[in-house]
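The report below describes the architecture of one chain, its contact with a partner chain and a helix pair in that partner. It is meant to be read alongside the structure shown here.

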Amino acid sequence: MNESARQMSHETSQHPLLREPNGLLDRCSTWIADRSSPLLVKETRGAIKSRQFFYTFLVLLLAMVAWSFLGISNSIFYGNATSGVEQLIGYFWVLAFPLHIIIPFTAFRSLMREFEDDTLQLVSITSLSSRGIIFGKLGSAALQMVVYLAALVPGIAFSYLLRGVDLIQIFSLLAVLIASSLGLTTLGLLIGSVGRQLFLRIFAHLVLLATLAGSFLLFCTFVSGYLTFGANEIPWEGIYLTISLFFAISILCLETAISCISFYAENRSTNVRLAISFLTFVIVSGVILVATSAQASSIDFCPTISGLLAHLLAVFGAMMATEYPVISQRVRRGIPNTFWGESVWGLLLPGPGRGYLFSVTLIWGWIVGLNLLTPLYDRWNGQAMPDLDDWLSVFLFGVTNATFATLYVSLAYLFGRFVKTKMPRPAPIFGLLLVIISYVLTWVVSVVLAIMLAEFLGGDFGSTRELGLATFFCWPLALEATFDRSLLPMDYVYFGFNFLMMMVLGLFCLISALREIILPQAMVPQRVLDEQKKRKRVVATQDEETVEELFRNRATTSASQHPTSGEK
Amino acid sequence: MANGNGTGSAAIEIDRLTKWFGSTCAVNELSFSVRKGEALGFIGPNGAGKTTTMRILATLDEPDLGDAFVDGFSCTNDPDSVRKRLGFMPDAYGAYHNVSCVEYLDFFARSYGLKGRERTRAVNRVLDFTHMHHMMDKPTTGLSKGMKQRLCLGRTMIHDPQVLILDEPAAGLDPRARIELKEMINRLLTEGKTLLISSHILTELAEMCSRVAIIEHGNLLAVGSVQEILNKFTGEMASDSEDNLTTVIVRFLGESQPLFDFLAAKELRNLRLIGDLIEFAIRDDENWRADFLADLIRNKFRISAFATKERSLEEAFMRATQGRVQ
């Protein structure tokens, strides 16, 4: 090695990134960084050096200082006693701007830039999983939140000293702010993972900016209202429903974003389906909880749940039923061998057929199950058992909703099969269009057929009932289920007709989907199994410092620096 | 196929690989393999399907039919195993903003799961290999083309893969940077790495690679050693022996017709007159050529120059392909 090369090598070894960690703090931070997402480390380094972060942080500090001076001068020079409430409202407005707008938008841009600069392909061929990429971005956003929060802590402490606000109020507002910021970041990541074409990117920017601005204003209004008028009126069921819904939607956004950037042959459906199931559970439990606290009877809230679930699951179901039809060998390795395994786990695996069956199971399971169990709910809640006619009308309404949802999902599934024969791999925008077209078509067909049926049976179109029918075939039943609860013979005809239509179409789809279900499990090659075993066995690489080593080294360092008295 | 995967004897194995983009067939039933420790040049006109094939090998795309294997692991079904063994250098640079070169390498080392001293060693090794010590702290967005390619090569080999796929590594480089890149690739070969390189600079590819595959419209036109490809597309076999033919160019003084008639009487192949030059094909044998020249001089033809025309990969490429873009 010549002199200049030796010199360069020496300089390299002295570089902060490449030298041995020195001291406990250095070693601890290196140990933590080694176990953190590489993206989190990289993005944090990049963010610290970025002008955007510098200016945002500077503006945040200046705004906080300015607001503090305004509050002080108001009380000193003008004799107005500034309360902590006013100060805190101002600080939350200042803090909400980066947390509700800058951070989610930065996360969105960061993911979108990965597509624009072709860096995502470089990262995706490393050992980093799609989950690691998305969580790395989320972690980086969370870290930035901590930094901005740290900057505002003196201001918040100052407003507490001014009196008028208690610690519970401050911490609950901070919790809401952080949670909503994280939720908006997941939304940003979801939108960022979808928009690959130029027009979609522009659209995505506009949609996200509008959403972020709206959420910022909403949060600021909420803070002002909460601190000014108090929170006594907010019931805990409402808080539970908001938090759990928010949590479930965030999980769904994250799982969908992960799925969007995953490799084709990966299983990209199971986690999304589980997230949808969780969201459904949260909605149902939330509605039941609110109804319980309001001492409502089951027949009062069951139509609401049926309508809500039918439409929500129909849209999700249509998306699942139009998935990419080719099932990779990799996914086939995970197909269960047993009947029960296939019945439960098999429905969560990718593929339009399995997606169709999963969504239909979910629709009928939830809606019919809930409607059937309503008498039990009333007994448990201390309510009188519903009248059989009332219960029947509500049940029929639920089944009609499920029928509509199944019709829609079936139509979307068949459309998807047809489109895939013409276009082997259509762009995601086609999938979205397909879902919308299917919805409109189901709606039109069901309305037209219902009107034709009514005409055939001599219905009167002048009445409110038929006007409702002309907009959506469920409405007349919905009105009756909610207010009147007296079924007419015509309702049974509508119901029977739609049910028959759904059964015919559903059977056709079921036969088509079964071809996918009967695919046998693929064998995992022995070399792959060996490699997987090896991966599980390796906990730490040879050169890696384990936690035990870290603390052993620390003890050794400490002992050498502070010799014991005996050694003296 | 052993264990339902690749054979395992070849480092890269492509088996009836097919990929469609809409109505365009980018790769059509492509099959070839690259042996361990070998460098294979992958050449073809723009739009021939080289990048698509490489992207499938790098687990960035999925084939519609067929499969590709790296060290016996399927690129479609076991991408995790493939990724550990493979380094891919795409034609796109892929830089991050506000990130220095050393941070860039450190990030990719972390992404490949390297930790602690193992990571530091990997970054140092790459810096040594690419001679990038002096530009460690430079931002990745402000590098020259040559430096970018070095950094890309460094990123590709950060996890010390046994198989490297380089898509147009020499594109846009100046002569010095090209020579340096060639040296680095040669060093990789001496380390026993397997390389699949696509390039349009065929002279250099012929120097670096022991074998070449030519692809057009997604179809494999030829695969073999450079000599085999040259023989196939630029050489002709003598009718009376198994020897190859070589093209000879003769510069002469005086009248052209007598010399042309003399050569025509010998029934030489590819005989043509170009100004004061005559070109023809004779047996690729030194003694044969010496006797032929002596014969010309004996017949009083005034020959001022007599040379064999070197066969090049460019010539073979031009003859093999038609240059139509899909």
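## Sheets, helices and an interface

In this predicted model, strand β4 of chain B and strand β5 (residues 73–74) of chain B run antiparallel and are joined by two bridges. Within this pairing, B:F73 in β5(B) is the bridge partner of B:V70. The hairpin that β4(B) and β5(B) make has two residues between the strands, and B:D71 takes a positive phi near 50 degrees there.

The hairpin belongs to an open sheet of four strands in chain B, whose order is β2-β1-β4-β5 and whose pairing is antiparallel. Its edge strands are β2 (24–35) and β5 of chain B, each of which pairs on one side only. Helix α1 (residues 50–57) of chain B packs on this sheet, where it touches β1, β2 and β4 of chain B, and its direction makes about 120 degrees with that of β1(B). Inside the sheet, strand β1 (residues 10–21) of chain B is joined to strand β4 (residues 65–70) of chain B by five bridges, and the two run antiparallel. Along this pair, B:I14 stands opposite B:A68 in β4(B), and B:D15 stands opposite B:D67 in β4(B).

A second open sheet in chain B has six strands in the order β6-β7-β8-β3-β9-β10, with mixed pairing. Because β6 and β10 (219–225) of chain B stand at the edges and have a single partner strand each, one side of each is left without a neighbour in the sheet. From one strand to the next, the twist averages 15 degrees.

The mixed character of the pairing can be followed at the two ends of the strand order. β6(B) is joined by four bridges to strand β7 (residues 163–167) of chain B, and these two strands run parallel, whereas β9(B) and β10(B) pair in the antiparallel sense over six bridges. In the former pair, B:F88 stands opposite B:I165 in β7(B); in the latter, B:A213 stands opposite B:V223 in β10(B).

In a regular strand, side chains alternate between the two faces of the sheet. From strand β6 (residues 86–89) of chain B, B:L86 and B:F88 point one way while B:G87 and B:M89 point the other way, and all of them are buried.

The strand pairs described for the two sheets are collected here.

| Strand pair | Sense | Bridges |
|---|---|---|
| β1(B) and β4(B) | antiparallel | five |
| β4(B) and β5(B) | antiparallel | two |
| β6(B) and β7(B) | parallel | four |
| β9(B) and β10(B) | antiparallel | six |

Two helices lie across strands of the six-stranded sheet. α8(B) lies across β9 and β10 of chain B and runs at about 120 degrees to β10(B), while α11(B) lies across β3, β9 and β10 of chain B and runs at about 30 degrees to β9(B). In helix α11 (residues 313–320) of chain B, the residues B:L313, B:A316 and B:F317 are buried. Because these three cover an arc of only 100 degrees around the axis, they fall on the same side of α11(B). The elements covering the buried residues of α11(B) include β3 (39–43), α7 (202–208), β9 (211–216) and α8 (226–233) of chain B.

Taken as a whole, chain B has 11 helices and 14 strands, and its C-alpha trace spans about 80 × 45 × 35 Å along its principal axes. Of its 326 residues, 45% are buried. Among contacts in chain B between residues at least 6 apart in sequence, 68% join residues at least 24 apart.

Chain B also meets chain A, with 46 residues of chain B in contact with 42 residues of chain A. On the side of chain B that touches chain A, α2 (79–85), α3 (101–111) and α4 (116–130) of chain B each supply at least two residues. The residues on that side divide into 18 nonpolar, 18 polar and 10 charged.

In chain A, helix α15 (residues 352–380) and helix α16 (residues 388–422) pack at an angle of about 175 degrees, and their axes are 9 Å apart. α15(A) and α16(A) are therefore roughly antiparallel to each other. The residues that meet include A:W364 and A:I367 in α15(A) and A:F395 and A:V399 in α16(A). By class, this contact of α15(A) with α16(A) has 15 nonpolar, seven polar and no charged residues.

Terms used. Residues are numbered from 1 along each chain as its sequence is written. Chains are lettered from A and ligands numbered from 1 in the order in which they are written. This is a predicted model: local features need pLDDT of at least 70, side-chain atom pairs count only at pLDDT 80 or more; totals for chains, interfaces and linings use all residues. Two residues are in contact if their C-beta atoms, placed from the backbone, lie within 7 Å. Ala, Val, Leu, Ile, Met, Phe, Trp, Tyr, Cys and Pro count as nonpolar, Asp, Glu, Lys and Arg as charged, and the others, Gly among them, as polar. A residue is buried if 20 or more other C-beta atoms lie within 10 Å of its own, exposed if 12 or fewer, and partly exposed in between; C-beta atoms are placed from the backbone. Two strands pair if DSSP finds at least two bridges between them. The arc is that of the directions from the helix axis to the C-beta atoms. Axes are lines fitted to C-alpha atoms, for helices over the stretch in contact, and angles run from 0 to 180 degrees between N-to-C directions. Angles under 35 degrees count as roughly parallel, over 145 as roughly antiparallel, 65 to 115 as roughly perpendicular and the rest as oblique.
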